[in-house]
Amino acid sequence: MPAGPGEGGTEPLKLDDSVEMQKKQKDAINEFGFNMVASDAISLDRYPADLRHEECKYYQYPERLPASSVIFVFHNEGWSTLVRSIHSVINFTPPELLEEVVLIDDGSNKEHITGGRLEEHIKQWDGLVKLYRNDRREGLIRARSIGARKAVGSVLIYLDAHCEVEPNWIVPLVEPMVHDYRICTVPMVDAIDGATYVFSPQAGGDENNFARGAWDWDLLWKRIPLNDRERARQEHMTSPYRSPAMAGGLFAISRKFFFELGLYDEGLDIWGGENFEISYKIWMCHGQMLFVPCSRVGHIYRMKGWRGNGTPSYVKGNFVDRNYVRVVEVWWDEYSKYFYERKPNAKHVDPGDLTEVKAVRERLQCKSFDWFMKEIGYDLPKHFPLVEPSNAARGHITNVGTNLCVDGHHAGQGDQLALSECASVREGQWMLTWHEDIRPLSGSNVENKKASDARKVCWDGTGIGNPIGFWECHTQGGNQLFKYIPDKKQFIHSPSRACATADQANKKVYLKACDDSNDNQKWWWDKQDDATLARQNKDMMNHIDPPELDYLS
Ligand SMILES: [Mn+2]
């Protein structure tokens, strides 16, 4: 491997940190979402990291596989991240498997994209890379359909225009389609840090970071772990596995199947919801979607501070909500009521003409959403209940020994729990949720609020002797699993078996060995539900799912 900066994607890039350089980097993040100064210092032909599981190196794949068109859609992308995406695909794909690289410039107006530099740059590949430009900005969704119409390969692979593929990425991605053209595949997406350009696996999922794609009932993208039932269908640990949904940016689909499905709904604007539309179409209209652990692609996530791409002026109103309503109206059948329960305002959104999309569903005799939920998305309600279970306790939390209240004001990830005089507490309402974590609830009128209405920071204990802090809620129990014992008025942190203990002097809350006589370990809630607490406390070490979650499985 060459020794240049950023080679291999494992060591953070070191940059001159003069004030002037720092400003340049900040400006780049603001404009492009990435530290372009760092990216520009890295070779366009750098070697990527290889985060594949060892097992991936021993599969036997067929010698002949179809050739793919790799399609990049972009709008005002930074130069080196865009161009490195193209180099990466060409450098790390066997030529016989790469029909072409299709670039769809979706209405960029920045000189480095429109001024001829890109045309000049792609000449080195003698026509392998084709550049098309939209007359106006169509948005990511319609631009992807345009890419499908331009592409000639029998497999279409979509990648975001800020990606780097990892070794042997394409072979396991395309192989499943040989058996059935209606199998659509999704690579494992690794995170490339937008400041250091280091690769790392995405957290979440099961113990191997294997996750499946999902949504909650207001249609936000979620990831859920690979589970035993799906694992039982795999031949090997790293075999492709089924997923109810995809994130949307990176996937492969046969040209034939994508056209049968009518590409994307042409009525979807810019971005949002299209990943679910295509996921539902694939599954309900007789296809399959597999996540492929041995095909890995690094993706640079936009950094905080990016000002975004804005919306073209011809797109009116809240287009994301309109997109969601289109998807829900066409595909969710009777489940749409769960969406409108979460988003009552969406009932008044006019989705526009749905005739064409509904005709696709009719023409292909697609299955029902209920079939899909029961066969493919069966465990989704375990993570995102159709009807959200109520809280075990809520309101202020008052300490008996000190008479102080727990205050969540301004608390964010990494902060510590504070105690304040109850009369002057700033953010003093809490809930013990059905996840058995404890979250602050801002605002008034908290009577009927559920876990999903609370701020997404949770009490988090790291062990006996340490103060309790906040961390982003992960709903996986662990350090965030707390039990409240009504008769002893104690909070027990399950992993450490320690009790939340008020410290009068520094107004913090520590985990200490439980002592029934210590009033600083006694707390009371404004309101508690004893039946729910009793059910949660049947197992003091583990989270217990509420009965509502057994709806489908
Ligand atoms: Mn992206």
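These legends go with a set of close-up views of a predicted model.

**View 1. The whole chain, for orientation.**
Before zooming in, here's the overall picture: the secondary structure comes to 16 helices and 24 strands. The radius of gyration is 26 Å, close to the 24 Å that the globule rule gives for 553 residues, so the chain is as compact as a globular protein of that length. Along the principal axes, the C-alpha atoms fill a box of roughly 80 × 60 × 50 Å. Buried residues make up 43% of the 553. If you take contacts between residues at least 6 apart in sequence, 73% of them join residues at least 24 apart.

**View 2. Two domains in one chain.**
The chain splits into domain 1, covering 22-300, and domain 2, covering 393-550. Put a point at the C-alpha centre of each domain and the two points sit 41 Å apart.

**View 3. Helix α3, end to end.**
This one frames residues 79-91, the 13 residues of helix α3. From its first C-alpha to its last, α3 reaches 18 Å, close to the 18 Å expected at 1.5 Å a residue. Which residues of α3 are buried? They are Ser80, Thr81, Leu82, Arg84, Ser85, Ile86, Ser88 and Val89. For reading any helix view, remember that an α-helix has 3.6 residues a turn, so residues three or four places apart point the same way.

**View 4. Strand β8 and its hairpin partner.**
Strand β8 takes in residues 211-215, and five of the five are buried, so the strand is largely enclosed by the rest of the structure. Both of its faces are covered: Ala211, Gly213 and Trp215 are buried on one side, with Arg212 and Ala214 buried on the other. Next door in the pairing is strand β9 (residues 221-225), which runs antiparallel to β8 and is joined to it by five bridges. One pairing to look for is alanine 211, whose bridge partner in β9 is proline 225. The hairpin has five residues between the strands, and leucine 219 there takes a positive phi near 70°.

**View 5. Tyrosine 197, a backbone oddity in a loop.**
Tyrosine 197 sits in the loop between β6 (183-192) and β7 (199-200). Its phi is near 60°, which is positive in a residue other than glycine. For context, most residues other than glycine have a negative phi. Is tyrosine 197 buried or exposed? With 26 other C-beta atoms within 10 Å, tyrosine 197 counts as buried.

**View 6. Glutamate 436, in another loop.**
Here the loop lies between β16 (430-432) and β17 (438-440), and it holds glutamate 436. Phi of glutamate 436 is near 65°, again a positive value in a residue other than glycine. Glutamate 436 is buried, because 21 other C-beta atoms lie within 10 Å and the cut-off for buried is 20 or more.

**View 7. Methionine 431 and its surroundings.**
Methionine 431 belongs to strand β16. This residue is buried, with 24 other C-beta atoms within 10 Å. Leave aside neighbours within four places in sequence, and methionine 431 is in contact with Asn391, Arg394, Arg439, Leu441, Lys449, Ala451 and Ala454. The C-alpha atoms of methionine 431 and lysine 450 are 8.3 Å apart, with the two residues 19 apart along the chain.

**View 8. Strand β21 between β20 and β22 in sequence.**
Strand β21 (residues 490-493) is covered on both faces, with Gln490 and Ile492 buried on one side and Phe491 and His493 buried on the other. Four bridges join β21 to strand β20 (residues 482-485), and the two run antiparallel. Isoleucine 485 has glutamine 490 as its bridge partner in β21. The hairpin of β20 and β21 has four residues between the strands, and lysine 489 in the turn has a positive phi of about 60°. β21 also pairs with β22 in the antiparallel sense, over two bridges. In that pairing, isoleucine 492 is matched with cysteine 499 of β22. The hairpin of β21 and β22 has four residues between the strands too, and arginine 497 takes a positive phi near 55°.

**View 9. Alanine 505, out in a loop.**
Look for alanine 505 in the loop between β22 (498-503) and β23 (508-512). Alanine 505 is exposed, with 6 other C-beta atoms within 10 Å. Its C-alpha atom is 48 Å from that of phenylalanine 339, a residue 166 away along the chain.

Notes: Residues numbered from 1 in each chain as written. Predicted model: local features only at pLDDT ≥ 70, side-chain atom pairs only at ≥ 80, totals over all residues. Buried ≥ 20, exposed ≤ 12 C-beta atoms within 10 Å, placed from the backbone. Expected span 1.5 Å × (residues − 1). Domains from an automatic or database assignment. Pairing = 2+ DSSP bridges. Rg over C-alpha atoms; globule rule 2.2 N^0.38 Å. Contact = placed C-beta atoms within 7 Å.
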